[in-house]
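Let's work through a few short exercises on aromatic pairs, burial and core packing. Have the sequence and the structure open beside you.

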Amino acid sequence: MAVVISNLTRLSRCKAKNYTHCAQIIRNYSGTKSIRNNNLTLIGVLSGGLAAISYLKWQKTAVVEAFNPKKMKDETEKAVKLTARERRFIKFSSVEFDGQLYMTPQDFLESVVEQEPRPRLKRKKMTESDIQQIKDNTPPLKKGSSQMFRNLRDKGIISYTEYLFLLSILTKPKSGFKIAFNMFDTDGNQRVDKNEFLVMEKIFIGAWKDKRGIAVDDDVDDEEGLQRKHKVDTTLQVHFFGKKGNQDLHYEGFYKFMDNLQTEVLELEFYEFSKGNLAITEVDFAKILLRYTYLDTDEYDMFLDRLLDRVKDETGVSFKEFRDFCQFLNNLEDFSIAMRMYTLADHPISKDEFSRAVKICTGLTLSKHLIDTVFAIFDEDGDGLLSYKEFIAIMKDRLHRGFKSTAKSEGWDAFKHCLKQEMKSHV
């Protein structure tokens, strides 16, 4: 019995923030055949491949071995070694060149709007000819658009450090674009060259090594193929600096690229639900807002049920309204500061106060219908007031697409959360 308890304890200490990895560990061990004498009952397989331990029964004799402790330890340590972003990049990257993993533009889009990558047999190993073709297919900066990533599809490569850079773009307010540009412009001449841009990679690599206790100057050959030094001209480098790498990047072009990328990801999310229509339903709007949050299944359903009860006339949410709200979320920190100053005692806020604070922080005027919809989702008591602390906590998960959440990152709560998230994904 001590063996059973010991192994269950190990399982409950799963520290993987990515619940799909946690569920995979559960699936691995729910199928073990090392249980003897029928002393332990495991019910492990639910629909859609979901595995869970639902019932344990001890009768009268000891179980020789319920799980494989060494294998479980190896799986858990591997999960702890990689960050959530590293695991996600590895999962979605579909191509490899010279031992280095890369995402395609389509991989990147899928990684920020989908839960799992599209099915594939294995990663494609690229050749020098493939790399040259990618350079030839990459449009110059002046021909960039809000459909560039969708147009390129698999005709491009994105490194891990560029993946981090692109993720950061999605959460930046437009007022922060200039700050981001100035960080790259190390000599202050109002333009960025290729060498200055590559400084970003050295900074990320330095942070990665420091996190693992490795000297920044050490030449690390990491087994995941994320940080190995390489001299491949990626799609982003060719787009910014030309095929020869001798063009400079000016702020206007940098701003347009960041704005286009934000728009492209929002369009992808919106069109997934609009199905060709000009608007999405209020319920679909709520689903988009809540899809990256760490709500339990019951809590998730509660928000949707609340909205359904309160919205009598469905007029829909247009893309402009959706984009305005997402631009507001990129200014969430400023909004939070404004509301703390505005409310003083942290009391709930009214629709007029909410609208005024959004206007002050972003310059945007959210439509009355959109504000009514937001309050219908998050106004717990139906009294026309919003608890902004809860609202901000949930919207931070949405803004950072789950990467910033740490409350359920380990322990038994994390284990239960893994199962609930898997269940919610199959509803």
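At 0% relative accessibility, Phe177 counts as buried, where buried means under 20% relative accessible area, exposed over 50% and partly exposed in between (1.4 Å probe, protein chains only). This is a predicted model, in which local features need pLDDT of at least 70 and side-chain atom pairs count only at pLDDT 80 or more, while totals for chains, interfaces and linings use all residues. Residues are numbered from 1 along each chain as its sequence is written, and side-chain values use heavy atoms, leaving out hydrogens and water.

**Exercise 1.** Classify the ring pair of Phe177 and Tyr255, and say which helices hold the two residues.

*Solution.* Start with the rule: rings of Phe, Tyr and Trp (its six-membered ring) pair if their centres lie within 6.5 Å; planes under 30 degrees apart are stacked, over 60 edge-to-face, and the rest tilted. Here the centres are 5.2 Å apart and the planes of Phe177 and Tyr255 at 65°, so the pair is edge-to-face. Next, place the residues: Phe177 lies in helix α9 (residues 177-184) and Tyr255 in helix α12 (residues 251-274), so the pair ties together parts 78 residues apart in sequence. Helices here are DSSP runs (H or I, at least four residues), numbered from the N terminus. Finally, Tyr255 has 27% relative accessibility and therefore counts as partly exposed.

**Exercise 2.** Do the same for Phe378 and Phe391, and decide whether each is buried or exposed.

*Solution.* The Phe378 and Phe391 rings sit 5.2 Å centre to centre with 80° between the planes, an edge-to-face pair. Phe378 belongs to helix α18 (residues 368-378) and Phe391 to helix α19 (residues 388-399), so this pair links parts 13 residues apart in sequence. Both Phe378 and Phe391 are buried.

**Exercise 3.** Which residues touch the most other members of the largest nonpolar core, and which element gives the most to this core?

*Solution.* A nonpolar core is a set of buried Ala, Val, Leu, Ile, Met, Phe, Trp, Tyr and Cys residues joined through side-chain atoms within 4.5 Å. Of the 46 residues in the largest one, Phe285, Phe325, Phe335, Phe354, Phe378 and Phe391 touch the most other members. Among the elements giving two or more residues are α12, α13 (282-290) and α19. The top contributor is α18, with 7 residues.

Now zoom in on Phe285. Leaving aside neighbours within four places in sequence, Phe285 is in contact (heavy atoms within 4.5 Å) with residues including Phe322, Phe325, Leu370 and Ile377.
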